[in-house]
Amino acid sequence: MPSINTNTAANSALRYTNINTSNQTKFLQQLSSGKRITKASDDAASLAIGSKVTADSVALAQASRNAANVQSVLNVAEGGLSNIAKVLTRLKELLHSAQDGFHDTASFSAVDKEYQALVTEITNIANTTKFNGVTLIDGSDATAGNFSNASGAIILLGATSGDTITMSISSSGAGSNATATGLALATTAVTTSAIAASNEALVETAIGTVAGFLANVGALQARVGFRAAQLDISKENADATASTLLDADVAQAQTLYTNADVLTQSGIAALQKANAIPQSILRLLQS
């Protein structure tokens with residue numbers, strides 16, 4: 001029914017124009033931000049899940065850095081233990097040389113000087129093998145949460161607080177550290193052939209203890225290496241999931257924006273024509 005009070009056609013054209021303008025703005029925001037969800041009302045469920053996955057990705061990235069730090073700690077410990085192993089090999093060599101049957105008192109004194117110096121150096125190496133100021137192989141820190149004691153350090157290597165590994169370089173009981181005292185060598189000497197022979201067993205035991213420490217470090221390095229690889233894979237998958245949930249498909253957004261733009265222009269044109277309808281009706285009064 002023709003009417004000059006209510007322009008139904010204009011109202012409908014205006015409503016569709018507003019819808020198309022809103023869609024045009026939405027897709028333009030997606031293109032400019034690169035995000036599929038620019039406000040919670042776009043997809044509340046995906047936004048909630050995506051936010052959690054993004055948080056996991058950030059946590060996994062830090063866990064990966066934790067793993068790299070642990071590898072650095074283990075590398076430092078390995079270096080210190082390897083040097084101690086070399087010193088122990090030299091001690092064994094000195095003990096063997098003292099048992100050749102041709103040493104006199106002066107010779108034993110000369111050999112013992114080097115022997116004692118090397119025993120002291122074992123403790124020095126153990127005391128100076130540090131990472132970030134914390135000693136690793138001398139057992140000086142008896143509190144929990146340290147690599148240098150039997151309790152071990154608890155390392156977070158995952159996305160949640162429960163994803164931890166307890167790591168310790170030392171072992172419990174006698175010989176729990178790599179100092180001369182811990183290796184039971186602090187009071188040994190090379191003053192006679194008989195003493196050299198009796199102390200050789202202690203050096204052999206110390207060599208075995210340090211070899212055990214090195215094996216422990218190697219096992220930890222392997223374990224952390226595999227965990228680090230898994231963390232990288234998990235982060236990659238988390239990023240992919242977050243991208244699927246939150247990131248915009250640029251090609252699709254561009255297509256939809258173009259469609260909305262055309263509809264908006266069409267709606268504006270239709271609105272102009274609809275607004276002209278009452279003027280056409282007024283011509284009936286001019287006849």
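## Leu31 and its contacts

In this predicted model, Leu31 is in contact with Val250, Ala253, Gln254 and Tyr257, once its neighbours within four places in sequence are left aside. Leu31 has its place in helix α1, while helix α5 covers residues 250–282. One of the contacts, that with Ala253, joins residues that are 222 positions apart in sequence, although their C-alpha atoms are 6.5 Å apart in space.

How accessible is Leu31, given as a relative accessible area? The value is 26%, and so Leu31 is counted as partly exposed, since the buried class is kept for residues under 20%.

## The chain as a whole

The protein chain contains 5 helices and 4 strands, and in sequence order these elements follow the pattern α-α-α-β-β-β-β-α-α. The pattern therefore opens with three helices, continues with four strands and ends with two helices, when helices and strands are numbered from the N terminus. Of the 287 residues in the chain, 33% count as buried, and the accessible surface comes to about 15,700 Å², with 57% of that area belonging to carbon and sulfur atoms.

Contacts between residues far apart in sequence, such as the one between Leu31 and Ala253, can be set beside a figure for the whole chain. Among contacts with a separation of 6 or more, 72% are accounted for by residues 24 or more positions apart.

## Confidence in the model

The mean pLDDT of the protein chain is 85, and 89% of the residues reach 70 or more. Which elements have the lowest and the highest mean pLDDT? The lowest mean, 78, belongs to helix α5, whereas the highest, 93, belongs to helix α2, which spans residues 44–97.

## Salt bridges

A search of the whole structure finds 7 salt bridges. One of them brings together the side chains of Lys35 and Asp247, with a distance of 3.3 Å from N to O. This pair links distant parts of the chain, for Lys35 is in the loop between α1 (8–33) and α2, Asp247 is in the loop between α4 (193–246) and α5, and the two are 212 residues apart. Lys35 counts as partly exposed at 36% relative accessibility, and Asp247 is also partly exposed, with a relative accessible area of 28%.

Arg36 forms a salt bridge with Asp43, and the closest N and O atoms of this pair are 3.2 Å apart. Arg36 is partly exposed, with a relative accessible area of 28%, and Asp43 counts as partly exposed at 22%. In the salt bridge between Asp239 and Lys235, the closest N and O atoms are 2.7 Å apart. Because these two residues are 4 positions apart in helix α4, Asp239 and Lys235 are separated by about one helical turn. Asp239 is partly exposed at 32% relative accessibility, as is Lys235 at 25%. Elsewhere, Arg90, Glu93 and Glu114 are linked in a network of salt bridges.

## A buried residue in helix α4

Asn199 is found in helix α4. Is Asn199 buried or exposed? With a relative accessibility of 8%, Asn199 counts as buried, because this value falls under the 20% cut-off. When neighbours within four places in sequence are left aside, Asn199 is in contact with Leu95, Thr188 and Ala189. Of these contacts, Leu95 falls within the residues 44–97 of helix α2.

Terms used
Residues numbered from 1 in each chain as written. Predicted model: local features only at pLDDT ≥ 70, side-chain atom pairs only at ≥ 80, totals over all residues. Heavy atoms only, no water. Buried < 20%, exposed > 50% of the residue type's maximum accessible area, 1.4 Å probe, protein only. Contact = heavy atoms within 4.5 Å. Areas by Shrake-Rupley, 256 points an atom, 1.4 Å probe, with all protein chains shown as cover. pLDDT = per-residue confidence, 0-100. Salt bridge = Lys/Arg side-chain N within 4 Å of Asp/Glu carboxyl O.
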